[in-house]
Amino acid sequence: MSDHETVPAEVDHEEEIPEDHPRYQDLLTRHRIEAGVEKGITHLQGMHAEGRGSAFDYLLGEETIPSAAAAERAAAARLLLADKPVLSINGNVAALVPGEMVELADAVDADLEVNLFNRTPERIDAIVEHLAEHGAADVKGIEADARIPNLDHKRAKVDADGIYAADVVVVPLEDGDRAEALEAMGKTEIVIDLNPLSRSPQVAEIPIVDNIIRAVPNMTEHARDLEGEGESTLRAIVEEFDRDEALEAAEERIRSGRL
Ligand code: ATP
């Protein structure tokens, strides 16, 4: 950590993190995950995922690289074209961007569904309550009356009228097995993941290699900007986006520092 500005070791409220600190976003992210664990929203494993993400973000320059910006715009267009879009929420997503996910759902008329790797009724309830505190009116994932084929029982649970029936699913920070199983079901996946080599972005139609705390507000902004555009304009934006090129650009940035 830079000595530019010191941050107390124990931060009770995120307002205590100085906004002009050079690692502000990283400190904020870490604080939200810790608070998520304390609130029973985020599993301890989510802290490890956060650590991995933080390292990749550092190498990406902690900024939205141009290929990620293009992916975010394509994702917004794809969501506006969808018949039944669903945004999947896990413990890290709920801790990091609850209000931002509610806003994105509103902008593209999507449902929110809680979908946990380590599923317990207590965590589901805590996340649903947390999302409600951030403005969510209706959250799916409680009933969990359908199963994703080819996944073990606990991790396969989804709502029949949610992810199971969706045509487009946004799966941020998703585990590779489930991303592959959703792909096998024929879902169009929009994955947000800071590691371009992870299996989830590899199977996504639109992989977004960016920190979720930047990616989601960017997608919402694009969706608002594209609202009212005709189907052909939206389709052209989606078709113009090259997923392989975007994954390569992110890897190049991480390995060489070049854009
Ligand atoms: P695989 O997808 O191959 O199973 P993995 O085991 O690394 O890979 P998980 O731990 O299940 O994946 O998921 C965590 C992923 O989320 C990691 O790739 C990590 O880089 C990414 N990640 C963590 N924090 C963030 C964040 N704030 N924004 C975007 N991605 C993040």
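1. Start with R52. In this predicted model, a polar atom of the R52 side chain sits 2.3 Å from a ligand oxygen. That is a polar contact, since the cut-off for such N or O pairs is 3.5 Å.

2. D193 also reaches the ligand through its side chain. One of its N or O atoms there lies 2.7 Å from an oxygen atom of the ligand.

3. I212 works through its backbone instead. A backbone N or O atom of I212 is 2.9 Å from a nitrogen atom of the ligand. As for cover, the ligand alone exposes 630 Å², and the protein buries 85% of that.

4. Which residues come nearest? Of the 19 around the ligand, they are R52, D193, S198, N211 and I212. R52, D193 and I212 are thus named twice here: for the contacts above and among the nearest residues.

5. The shell around the ligand is mixed in character. It divides into 7 charged, 6 polar and 6 nonpolar residues.

6. Where does the shell come from in the fold? Helices α2 (44-59) and α8 (199-203) each supply at least two of its residues. α2 gives the most, with 5 residues.

7. The site is also a pocket. The space that the ligand takes is the largest pocket.

8. Now the whole protein. It has 11 helices and 8 strands. Its radius of gyration is 18 Å, close to the 18 Å that the globule rule gives for 259 residues, so the protein is as compact as a globular protein of that length. Along the principal axes, the C-alpha atoms fill a box of roughly 50 × 45 × 35 Å.

Conventions
Residues are numbered from 1 along each chain as its sequence is written. This is a predicted model: local features need pLDDT of at least 70, side-chain atom pairs count only at pLDDT 80 or more; totals for chains, interfaces and linings use all residues. Side-chain values use heavy atoms; hydrogens and water are left out. A residue is near a molecule or strand if one of its heavy atoms lies within 4 Å of it. A polar contact is a pair of N or O atoms within 3.5 Å; within protein, one must be able to donate a hydrogen and the other to accept it, and residues adjacent in sequence count only if both atoms are side-chain atoms. Accessible areas come from the Shrake-Rupley method with a 1.4 Å probe; for residues, only the protein chains shown count as cover. On a 1 Å grid over the protein atoms alone, a cavity is a set of points where a 1.4 Å probe fits but cannot get out, and a pocket is an open set with protein on both sides within 12 Å along at least five of seven lines; lining residues have an atom within 4 Å of a point. A molecule sits in a cavity or pocket if more than half of its atoms lie within 2 Å of its grid points. Helices (H or I, at least four residues) and strands (E, at least two) are DSSP runs, numbered from the N terminus. Ala, Val, Leu, Ile, Met, Phe, Trp, Tyr, Cys and Pro count as nonpolar, Asp, Glu, Lys and Arg as charged, and the others, Gly among them, as polar. The radius of gyration is taken over C-alpha atoms; the globule rule is 2.2 Å times the number of residues to the power 0.38.
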